[in-house]
Every structure is written in C-alpha cells, then in structure tokens.
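Student: I should like to work through this model by question and answer, beginning with its open spaces and then turning to its charged pairs and selected residues. Where should we begin?

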Amino acid sequence: MAVYTGTFGGLTMGPDTDFEIMSVDGLFARDVFLTTPDLPRYHGGLVGASYHMPRALMLTLDVYGAPFSAAYTVNRRAVMKAFQPLVDSETAFVFTLPGETAKRIMCRPVRVAAPVDISAEFGLVQFLIELVASDPVIYDDAQSSATLTPFAPSAGMSYPVTYPKAYGSGGVGAGTVVTNAGDWETWPTLTVNGPTSGTLTNPVLENLTTGLKLELTANGGVSVNAGQVLVIETHPADRSVKFTTGATRYGKLSDASTFWALVAGDNELRFRATGTTTGATLSVGFRSAWI
C-alpha cells in the first residue's frame, strides 16, 4: 500500500519530500471487544454488544539526507519533533491513498524509533512510528456544511370548515437533507446563529431520519439574542452546549433530548424555534466517516 502524501504535527510527508511513507498498518484492520456474558448453569454464553477498540497505526517512514552529511540528522530531528511523545491531546494524521480524497484520523504517538547505523551515513534512516487513535473512525479531511432556516408551520384552518378542504403543506423551511458519504455515523457540530434582531427562544434541532432531537427547552429554555452564537458539540468525547463567550447551556436540554449523529447516507434535518426567528440559522458542520 502506497501513501501518496501525509501530514502530522506540521511535517509534510510524500514522494516529493525527504520524508516518504513506505507503509501504514492499521487503516484496514478490526480490533473488536466483544461482551459475551456466561450463560448461567449452561454451556456457552449470551451474545452481547461489540465495540471497536482504539485504532493503532504503524507507519514505516523513510527519511533521506545527503550522504555523509548532517542533513539526515536535521531531518531525523524534524521527525522526532513532529511526532512529539508525552502529549495529552490528539493531532490529525492526514493522508491520501491512491485514487482517494484526503482522509484524517485523530491520534497521538506512542512509539517512535529509528536506528543509528551505516545506512544513515549514506542518507537513509527508516523510522517505525506507532500512533493510537482513541476514536477509531476515519473521517474526510474536508469538512462539509449545511445551513438550515427555522421551520415555519403553515397557518391553521378556521371553523366552521367547508368541505372539500385543501389542507396545504405542513410548513416551509423543513426537511433539509445532508449526506454522510461514508459508511459509519459521524457527529456534527451544530451552531445556532441568532436572529437579525430580537431574541430566538427554545431551539429544537431534529434528525428526522433517526427520530432523535435536541430540545433546549428545559429550566426556562434558551434565548439566543441577535448577534449571539450557540455551539453544540455532539461527539461523545467532547459534548457541550455553549455560547461562543463560554457560557454553558447544557442544563437546558430536555429529558427527551438525545445527542444525535448523522448516519451513513442521507439525513433529513429540521430546525424549530419560537420567538423572533428572522435571520436565524442552524449551521451543521460534519465530516463523512468510515470504520
């Protein structure tokens, strides 16, 4: 498997550089944890849930330098700096496989090793680099986005009703479809932008495809004034409901709320709110995902 290009920690790797990725192991691998409780008083067990373990990647990286010079030492130190150990956060490893668009996986180095031998004197050092990703999902490097306007229900009917009656449509501004082009769920960032003037209240963000919703209606609900921006992070490892000022509104989620993902394929989304909605929008940012 040849990787055309890759970046990590500010280091660009590829065939036109001094840093060439010769192989990557772990991109197409399964490491699954099975829960199989014992069947009491019988042989065997019960089928339980399965989970993908954190993904481990092993890179073989050839690093070149001018023979019998210090160039290889400079390049070796550049690799050691880019793949800095003892870090408590993850960095995007961005890579491009033949015939595909750029993908990314968030990970951190756990092992970086290179021999000091005669090959280095001739300008070639081969690194073995191990990366571990707490989230095993592989994402598009390019972020997709969609903008929703608040759902506006059509006017109700007046009584007495004369039949036959045309009931009309259910409203406008509903049913915006976004597409996760991968084969696995992805967790969007949902950004509620306040109205042109006035105050938007009680936003409800729905994934009609999965039937799940986020209702910011509890404990007095949420008010978003003109110019304010409320950001909702849905990923299980980084969930928050905050204004860009840092003020949290997590406690405003109703009991019926569920942080929802975008499933593989098309997802129909809807944005509802009360109060002043003119000029208000919901921005949905996401990356298609594979596992």
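Tutor: We begin with a term: a pocket is an open set of grid points with protein on both sides within 12 Å along at least five of seven lines. Please keep in mind that this is a predicted model.

Student: How much space lies in the largest pocket?
Tutor: Rolling a probe the size of a water molecule over the atoms shows where empty space is left. For the largest pocket, that space comes to about 500 Å³.

Student: Which residues are the closest to the centre of the largest pocket?
Tutor: The lining of the largest pocket consists of 20 residues. Strands β8 and β22 (281-286) are the elements that give two or more residues to this lining. Closest to the centre are M106, D135, Y139, W187 and H235.

Student: How many residues in the lining of the largest pocket are charged?
Tutor: Asp, Glu, Lys and Arg count as charged. The lining of the largest pocket has 7 nonpolar and 7 polar residues, and its charged residues number 6.

Student: Which residues lie nearest the centre of the second largest pocket?
Tutor: About 300 Å³ of space lies in the second largest pocket. Its lining divides into 7 nonpolar, 3 polar and 3 charged residues. Among the 13 residues that line the second largest pocket, those nearest its centre are D135, P136, V137, W184 and I291.

Student: Let us turn to the charged pairs. How many salt bridges does the structure hold?
Tutor: Side chains of opposite charge can pair when their charged atoms come close. The cut-off for a salt bridge is a side-chain nitrogen of Lys or Arg within 4 Å of a carboxyl oxygen of Asp or Glu. The number of salt bridges in the structure is 6.

Student: Why does the pair E100 and K103 count as a salt bridge?
Tutor: A Lys nitrogen must lie within 4 Å of a Glu carboxyl oxygen. E100 is partly exposed at 39% relative accessibility, whereas K103 is buried at 8%. The pair qualifies because the closest N and O atoms of E100 and K103 are separated by 3.7 Å.

Student: How many residues apart are D140 and K103?
Tutor: D140 and K103 form a salt bridge with an N to O distance of 3.8 Å. This pair links distant parts of the chain, D140 being in strand β10 (residues 138-140) and K103 in strand β8 (residues 103-113). Their separation along the chain is 37 residues.

Student: Is D140 buried or exposed?
Tutor: The relative accessible area of D140 is 14%. Buried means under 20%, so D140 is buried.

Student: With which residue's side chain does the side chain of K103 make a polar contact?
Tutor: Leaving aside neighbours within four places in sequence, K103 is in contact with F93, V94, F95, I138, Y139, D140, D141 and W290. The polar contact of the K103 side chain, at 3.2 Å, is with the side chain of T101.

Student: What is the N to O distance in the salt bridge of E215 and K213?
Tutor: E215 is buried at 14% relative accessibility, while K213 is partly exposed at 26%. Their side chains meet in a salt bridge with an N to O distance of 3.1 Å.

Student: Which residues are joined into one network by salt bridges that share partners?
Tutor: E215 and K213 form one salt bridge. Salt bridges that share partners make one network of E100, K103 and D140.

Student: How far is the backbone nitrogen of E215 from a polar atom of the S257 side chain?
Tutor: S257 is located in the loop between β20 and β21 (265-275), and its relative accessibility of 17% counts as buried. Outside its neighbours within four places in sequence, S257 is in contact with K213, L214 and E215. From the backbone nitrogen of E215 to a polar atom of the S257 side chain, the distance is 2.8 Å.

Student: With which side chain does T179 make a polar contact?
Tutor: T179 belongs to strand β14 (residues 176-180) and is partly exposed, at 40% relative accessibility. Beyond four places in sequence, its contacts are G265, D266, F286 and S288. The side-chain polar contact, at 2.6 Å, is with D266.

Key: Residues numbered from 1 in each chain as written. Predicted model: local features only at pLDDT ≥ 70, side-chain atom pairs only at ≥ 80, totals over all residues. Heavy atoms only, no water. Buried < 20%, exposed > 50% of the residue type's maximum accessible area, 1.4 Å probe, protein only. Helix = DSSP H or I, 4+ residues; strand = E, 2+ residues; numbered from the N terminus. 1 Å grid on protein atoms, 1.4 Å probe; cavity = no way out; pocket = protein on both sides within 12 Å on 5 of 7 lines; lining within 4 Å. Points joined across faces, edges and corners; volume = space filled by probe spheres on them. Contact = heavy atoms within 4.5 Å. Polar contact = N/O pair within 3.5 Å; in protein donor to acceptor, adjacent residues only side chain to side chain.
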